[in-house]
There are 2 protein chains.
Amino acid sequence: MVNPPLPGSCGTPVHNSGMEDGSAAPPQQHEGAAAAQRQATLHDVARTAGVSQATASRVLNGSIRNVRQENVAQVLAAAAELDYTPHLSAQAIARGTTNTAALVVSGVDDPYFSTVAGGATQAAEAAGLIVTMAVADRSPERELQIVRTLRGMRPRAIILTGSRIDGTDTRAALIEELDAYRRAGGSVVLISQYDLPFCTVSIDNYGGARQLARELVGLGYRRFAVVRASAALRTSRDRCEGFVDGLREFGIGVEARLVVEAEFSRRGGLAAGRELVRQGLGDTELVIAANDVMAIGVMTAFRDAGLVPGRDIAVAGFGDIGPAVDVVPALTSVAVPLRQVGLCAMELALSNDDVSRVVPISTNVVLRDSTPRR
Amino acid sequence: MVNPPLPGSCGTPVHNSGMEDGSAAPPQQHEGAAAAQRQATLHDVARTAGVSQATASRVLNGSIRNVRQENVAQVLAAAAELDYTPHLSAQAIARGTTNTAALVVSGVDDPYFSTVAGGATQAAEAAGLIVTMAVADRSPERELQIVRTLRGMRPRAIILTGSRIDGTDTRAALIEELDAYRRAGGSVVLISQYDLPFCTVSIDNYGGARQLARELVGLGYRRFAVVRASAALRTSRDRCEGFVDGLREFGIGVEARLVVEAEFSRRGGLAAGRELVRQGLGDTELVIAANDVMAIGVMTAFRDAGLVPGRDIAVAGFGDIGPAVDVVPALTSVAVPLRQVGLCAMELALSNDDVSRVVPISTNVVLRDSTPRR
DNA sequence: CTCGTAACGGAATACGATTTCCCAGCAGCG
DNA sequence: CGCTGCTGGGAAATCGTATTCCGTTACGAG
């Protein structure tokens with residue numbers, strides 16, 4: 001119970017570390033502050049090794065030029081002794097190129113994004129890049145601002161995933177920003193949901209949902225409810241449309257009353273589930289959610305209301321995130337190879353094709369206990 | 001079904017974008033390659049605006065010096081026209097300091113780490129820093145290598161979370177590396193599990209587990225099994241010790257046979273659960289796992305074996321990650337305010353105290369349906 | 001022995017910013 | 001009118017590294 005209940009602050013203890021005012025200045029540096037003992041530079045290494053900077057540079061990096069064995073040893077010894085670490089920013093400037101890739105996600109907490117991020121990170125590290133990640137929190141303005149900042153790092157690639165929302169006026173600004181970045185030689189890759197003139201790894205949300213509808217009808221279901229997110233969210237919209245179109249193939253419609261909209265999160269699913277319970281499910285047999293976490297929220301809401309998911313009412317989601325199988329009953333879903341999506345996006349970005357291409361990623365219906373055969 | 005089944009590659013389509021060999025060189029640049037249209041530099045902006053570089057710099061960044069209103073307008077107009085973005089690496093060099101914070105996690109996929117990362121990212125962005133993230137994949141060697149690379153970015157802080165494993169010989173090297181970084185003015189913060197001479201945000205694993213033991217005994221449980229990870233993993237060990245010590249208060253012991261070791265992941269939990277089922281649980285009433293994801297795996301294994309968790313056998317975990325409440329029965333666990341841990345770590349790092357301090361984070365037992373009163 | 005050439009070391013310059021230092025102009029004041 | 005203090009602009013130094021260009025040496029071929 002040490003921590004204060006205030007969220008957003010960890011209550012760092014006060015830390016008057018001695019002197020009251022600036023009187024007794026720290027001994028070494030004249031600047032006050034941290035009195036940091038300067039990092040060794042290439043110059044220092046060269047001097048210690050008794051060679052020129054150029055030689056030191058050639059030794060310590062993959063230069064084409066050869067250096068005499070003796071000098072190599074000297075330089076390496078000096079570098080080890082001084083604990084030299086090359087200054088990446090300086091290298092970036094001198095070389096005119098960085099070894100950085102940038103990743104913009106909507107939120108790290110969501111397993112969807114963290115899985116994609118995992119794949120992208122793996123691909124980046126395999127290529128010797130270090131990845132910088134920013135969280136847009138589903139705000140287009142924030143996303144725009146992030147891209148603007150990220151551009152300053154001159155990363156080799158910028159990968160955007162998730163938070164694009166249709167119809168905001170930041171759209172044009174974002175396009176402009178990304179395009180300027182691309183003109184300057186960077187590569188941009190979007191992951192699904194975006195609808196912009198850039199390379200895109202496109203998850204087949206529509207097709208997967210449509211196939212899901214077919215298979216559910218095949219299991220004997222006829223009466224459906226839909227839990228979806230705002231129509232402005234491309235992913236949610238595509239999935240719902242696919243599902244509805246799939247049902248239509250069999251002449252099945254969904255009552256408008258039974259389509260509820262909520263946040264694209266577990267909490268949203270919970271709320272939607274409660275809403276459905278409140279207004280009465282009628283003879284609805286199955287609820288499909290635009291999202292696995294929403295579906296899980298819906299199941300919890302139903303269970304709280306005394307309905308047993310999978311027996312009293314079936315539920316299906318989309319995404320096949322890890323927890324989908326841990327939940328009871330295990331959730332029927334549409335598998336999206338999220339890790340591969342991340343990998344693919346990064347590889348696509350690093351292959352620097354100048355042509356904007358769309359790489360389709362197919363999805364895969366996975367039937368589980370939450371939708372038993374009727 | 002477009003994607004080839006090969007993992008690790010997304011099968012980027014071939015892309016002969018026209019010319020067969022290097023004959024028809026791109027028009028603009030003499031270098032071949034991307035023919036990128038150079039990013040505008042401060043120099044360009046200054047020239048366009050008809051002022052000196054110094055003035056342009058003063059306008060475009062928070063300088064102390066004033067600039068005449070007229071020139072300000074000129075410079076801003078020029079910057080907008082040329083779509084100027086300051087080169088962060090150049091700024092870093094000139095200023096001698098970056099606006100970057102580094103975060104090392106064991107894996108983004110694990111909800112534990114991604115939640116911590118979320119908190120840390122939030123705090124960093126609030127402070128105007130951009131965070132670079134690296135994934136160590138539970139390998140101490142990889143972690144060491146990452147720290148080495150990260151140091152080259154001269155981040156303001158390096159935060160390490162999770163993958164420290166006792167007894168490897170990389171330990172000394174890691175300490176040396178981090179210490180050199182700190183000597184050079186960086187701040188290091190470790191999150192729990194580490195046992196190194198640096199600032200640490202310490203999660204009270206031992207105390208939480210001990211309290212959990214007390215409360216479970218209070219519910220009427222007497223016979224326990226333990227699923228834990230390698231003893232080399234500090235977190236797992238602390239939790240197990242706390243739990244065992246808590247039971248000992250009541251004179252209760254745990255049979256060595258009923259302590260099984262497995263990977264610190266959902267898969268490990270699944271394996272451990274199967275192992276317990278195989279060798280027979282005897283009259284065991286409750287299984288505690290070192291980890292929520294392990295506990296969830298154990299529950300799944302039990303269910304597969306026809307045991308109903310919460311009725312036939314109780315299960316408890318540690319961490320209280322999001323999915324703990326979505327699972328059925330909801331999992332009894334020990335809540336760790338992970339997001340706050342991340343926030344706290346970053347704030348601690350940014351407060352640049354030179355003193356190594358340990359900030360304790362208390363934990364909180366949460367009883368749920370997976371451990372009904374007996 | 002001479003010449004051509006390959007190998008390698010080092011001085012200098014470039015990279016894109018910030019910051020110091022100097023200088024011009026101007027207002028205020030005795 | 002001369003001096004001081006202040007404001008704001010610009011030239012140049014600086015940050016840490018890569019790389020170009022030039023000079024020296026060594027070596028093998030003729």
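**Exercise 1. Find which parts of DNA strand D face the protein, and which protein residues surround the strand.**

Solution. Begin with the atoms of DNA strand D that lie within 4 Å of the protein: 55% of them belong to sugar or phosphate, and the rest belong to bases. The model is a predicted one, and this share is computed from its atoms. Next, turn to the protein side, where 29 residues are found around DNA strand D, with Leu42(A), Asn61(A), Gln91(A), Arg65(B) and Ile93(B) coming nearest. Then sort the residues of this surface by class, which gives twelve nonpolar, eleven polar and six charged. Finally, ask which helices take part: α2 and α4 (88-95) of chain A, as well as α2 (53-60) and α4 (88-95) of chain B, each supply at least two residues of the surface near DNA strand D, and the largest share, five residues, comes from α4(A).

**Exercise 2. Locate contacts between chain B and the phosphate oxygens of DNA strand D, separating backbone from side chain.**

Solution. Take the backbone first: a backbone N or O atom of Ser52(B) is placed 3.0 Å from a phosphate oxygen of DNA strand D, and for a backbone N or O atom of Arg68(B) the distance to a phosphate oxygen of this strand is 3.1 Å. Then take the side chain of Asn71(B), in which a polar atom lies 2.7 Å from a phosphate oxygen of DNA strand D.

**Exercise 3. Describe the surroundings of DNA strand C by the steps used for DNA strand D.**

Solution. Around DNA strand C there are 28 residues, and the closest are Arg65(A), Ile93(A), Leu42(B), Ser57(B) and Asn61(B). Of the atoms of DNA strand C that come within 4 Å of the protein, 53% are accounted for by sugar and phosphate. Sorted by class, the residues of the surface near DNA strand C comprise twelve nonpolar, ten polar and six charged. The largest share of that surface, five residues, is contributed by α4(B). For the phosphate contacts, consider side chains from both chains: a polar side-chain atom of Asn71(A) lies 2.8 Å from a phosphate oxygen of DNA strand C, while an N or O atom in the side chain of Ser57(B) is 2.4 Å from a phosphate oxygen of that strand, and for the side chain of Arg95(B) the corresponding distance is 3.4 Å.

**Exercise 4. Work out how helix α2 and helix α3 of chain A are arranged, and name the residues that join them.**

Solution. Helix α2 (residues 53-60) of chain A packs against helix α3 (residues 69-82) of chain A at an angle of about 85°, and their axes are 9 Å apart. Because angles of 65 to 115 degrees count as roughly perpendicular, α2(A) is roughly perpendicular to α3(A). On the side of α2(A), the contact is made by Thr55(A), Ala56(A), Val59(A) and Leu60(A), and on the side of α3(A) by Asn71(A), Val72(A), Val75(A), Leu76(A) and Ala79(A). Counted by class, this contact has seven nonpolar, two polar and no charged residues.

**Exercise 5. Determine the symmetry that relates chain A to chain B.**

Solution. Superposing chain A on chain B takes a rotation of 180° with 0.0 Å of shift along its axis, at an RMSD of 0.1 Å, and therefore the relation is that of a two-fold axis. In chain A, the C-alpha nearest this axis belongs to Thr132(A), which is 1.9 Å from the axis. As a last step, compare the interfaces: 99% of the interface residues of chain A are also interface residues in chain B, so the copies meet through the same surface.

Terms used. Residues are numbered from 1 along each chain as its sequence is written. Chains are lettered from A and ligands numbered from 1 in the order in which they are written. This is a predicted model: local features need pLDDT of at least 70, side-chain atom pairs count only at pLDDT 80 or more; totals for chains, interfaces and linings use all residues. Side-chain values use heavy atoms; hydrogens and water are left out. Axes are lines fitted to C-alpha atoms, for helices over the stretch in contact, and angles run from 0 to 180 degrees between N-to-C directions. Helices (H or I, at least four residues) and strands (E, at least two) are DSSP runs, numbered from the N terminus. Angles under 35 degrees count as roughly parallel, over 145 as roughly antiparallel, 65 to 115 as roughly perpendicular and the rest as oblique. Contact means heavy atoms within 4.5 Å. Ala, Val, Leu, Ile, Met, Phe, Trp, Tyr, Cys and Pro count as nonpolar, Asp, Glu, Lys and Arg as charged, and the others, Gly among them, as polar. A residue is near a molecule or strand if one of its heavy atoms lies within 4 Å of it. A polar contact is a pair of N or O atoms within 3.5 Å; within protein, one must be able to donate a hydrogen and the other to accept it, and residues adjacent in sequence count only if both atoms are side-chain atoms. Copies are superposed by least squares on the C-alpha atoms of residues with pLDDT of at least 70 in both.
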